[in-house]
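Reader: I am new to this structure and would like to learn how to read it. Could you take me through some of its features one at a time?

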Amino acid sequence: MSLMQLTAVELGKKIKEGEVPVVEATEAALNAIEAKEDKINSFVTVDREGALKQAEEVQKKIDAGELTSPLAGVPVAVKDNMCTEGLLTTCSSKILGNFVPTFTSEAVLNLKKAGAVILGKTNMDEFAMGSTTETSAFGETKNPWNTEHVPGGSSGGSCAAVAAGECFYALGSDTGGSIRQPSSFCGVTGIKPTYGTVSRYGLIAYGSSLDQIGPVAKDVTDCATILETIASHDIKDSTSVERDDTDFTSALVDDVKGMKIGIPKDYFGEGLDPEVKDAVLAAAKKLEEKGAIVEEFELSLVEYAIPAYYVIACAEASSNLERFDGVKYGYRTKEYEGLHNMYKKTRSEGFGAEVKRRIMLGSFVLSSGYYDAYYLKALRTKALIKKAFDKAFEKYDMILGPAAPTTAPKLGESLSDPIKMYLGDIYTISVNLAGLPGISVPCGVDSKGLPIGLQLIGDCFQEKKIIQAAYAYEQTRELVFSPLLAE
């Protein structure tokens, strides 16, 4: 087994035992990036010099016994919407093409305190708006399982980097499924924690009431360990929650006896690929064989999740992206006449088509006369969706379903039909609207050799339950690598 095929926790153990020096692990990752980036394009920025310098410093601290985290010395990639001091942070947009922050986001800071080595920043859909990582100003990212297909999005760069073996784990952000859906498409594991568990300080906002940072890795053990490291209460984030139950690794137990798992009938209707349906139901059967109680039930309001999500997310986006005007930082148009002309030209040249589409939609639903008809109605729908989940969790420990209705589509297919792309988020969006935790775990491949993802959804602050069930399911199948990582 090559070094890059190790999980983050396995590598951390070898580093701690002195078998693998931190510099060697970092060089292995940097060399893998160099060898594979032409095929994948999962990075916007690679900080070779900075990573090797960090590796030397971390090694000294490990040797001195100052760093004891299971992730100490393990190289990581960070989605390019999390601020990193002194390192280019672009949100994969031309408008932030020259932005170098003066501070580091709290989640990345927590990783650095644990001794993680930051390799660089991963590609994404521009401002996290998209489901394919094709709207990036720096070119599309490709799926390591088949480079003619998309990796999913918006955390496609992070998921592709892990799947291709360019890093040992990565951070992503999830606004409407942006960790879970690309994890499903790339055959890796990803967790979206309960809203407020991981600080959003330093995360460049898309939809502030929906965004949440989470880990992407090769297996459930890694994800639980990373989440334990990045979860913290942060006074700099007013939505941050103080929790005393973030020992997520304690849930890595192979036991689902007596667990009640609900399967929404609404998730298995029209639009779901038959191969995805069969793989997800086969995974449910495996959990049932291990002693879980699996039942079908009706989860209402599923068809309203997508319209409610896009109204709320676009409304928040139109407000959050107002700050990118060419005055304070980022791109500014070269030729202009007066302030208003500078605003218009800067934003017209700096934002891509998908971002403009969502800003316009958001501005429209917030405008006078339409606020009540759309935005207010979407907020009421959001409350009803949360109520439907609350009712389900009175009976079930978790909900099981697909992470996406299909496997990864071909490059270019989704962008030609934005509505089709939006509908692809049907199984992930409601989790963000309700602020719930969700995990995507690989559960097979289709006839084209593309990965299929199983999604487990828990009640608020019940990450441990879904981690335990995901871990128990994972024990029933071998870790499968993408062709690029298996090389």
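Author: What follows is a walk through a helix, some aromatic rings and the empty spaces of this model, which is predicted.

Reader: How should I read a helix, and what is the span of helix α9?

Author: The general idea is that an α-helix has 3.6 residues a turn, so residues three or four places apart point the same way. In this structure, helix α9 covers residues 302–320, which makes 19 residues, and it reaches 27 Å from its first C-alpha to its last, close to the 27 Å expected at 1.5 Å a residue.

Reader: How many of the residues of α9 are buried?

Author: Here 15 of the 19 residues of α9 are buried, so the helix is largely enclosed by the rest of the structure.

Reader: How many aromatic pairs does the structure hold, and how do I read the angle in the pair of phenylalanine 103 and tyrosine 201?

Author: The structure holds 13 aromatic pairs. In the pair of phenylalanine 103 and tyrosine 201, the ring centres are 5.4 Å apart and the planes stand at 45°, so this pair is tilted. Phenylalanine 103 belongs to the loop between β2 (75–79) and α4 (106–113), while tyrosine 201 belongs to the loop between β5 (189–192) and β6 (212–217), so the pair ties together parts that are 98 residues apart in sequence. Phenylalanine 103 is partly exposed, with a relative accessible area of 30%, and tyrosine 201, at 28% relative accessibility, also counts as partly exposed.

Reader: What are the angle and the setting of the pair formed by phenylalanine 127 and phenylalanine 351?

Author: Their ring centres lie 5.8 Å apart with the planes at 70°, so the pair of phenylalanine 127 and phenylalanine 351 is edge-to-face. Phenylalanine 127 sits in the loop between β3 (117–122) and α5 (156–164), and phenylalanine 351 in the loop between α10 (338–350) and α11 (353–366), so the parts tied together by this pair are 224 residues apart in sequence. Both phenylalanine 127 and phenylalanine 351 are buried, and ring pairs link them with Phe99, Phe324 and Tyr329 into a cluster.

Reader: Which charged end sits over the ring of tyrosine 201?

Author: That is the charged end of lysine 236, which sits over the ring of tyrosine 201 at 4.9 Å from its centre.

Reader: How is empty space found, and what volume does the second largest pocket have?

Author: Rolling a probe the size of a water molecule over the atoms shows where empty space is left. The second largest pocket has a volume of about 300 Å³. It is lined by 18 residues, of which Phe103, Leu203, Ile204, Ala205 and Arg323 are the closest to its centre. Sorted by class, this lining has 11 nonpolar, four polar and three charged residues.

Reader: How many cavities of 30 Å³ or more are there, and which residues lie nearest the centre of the largest cavity?

Author: A search of the whole structure finds four cavities of 30 Å³ or more, and the largest cavity has a volume of about 200 Å³. Its lining consists of 22 residues, with Gly187, Lys218, Pro442, Leu479 and Val480 nearest the centre. In this lining, β10 (438–445) is one of the elements that each supply at least two residues, and β10 gives the most, with four residues. The lining of the largest cavity divides into 14 nonpolar, four polar and four charged residues.

Terms used
Residues numbered from 1 in each chain as written. Predicted model: local features only at pLDDT ≥ 70, side-chain atom pairs only at ≥ 80, totals over all residues. Heavy atoms only, no water. Expected span 1.5 Å × (residues − 1). Buried < 20%, exposed > 50% of the residue type's maximum accessible area, 1.4 Å probe, protein only. Phe/Tyr/Trp six-rings, centres within 6.5 Å; stacked < 30°, edge-to-face > 60°. Lys NZ or Arg CZ within 6 Å of the ring centre and 35° of its normal. 1 Å grid on protein atoms, 1.4 Å probe; cavity = no way out; pocket = protein on both sides within 12 Å on 5 of 7 lines; lining within 4 Å. Points joined across faces, edges and corners; volume = space filled by probe spheres on them. Nonpolar A, V, L, I, M, F, W, Y, C, P; charged D, E, K, R; others polar.
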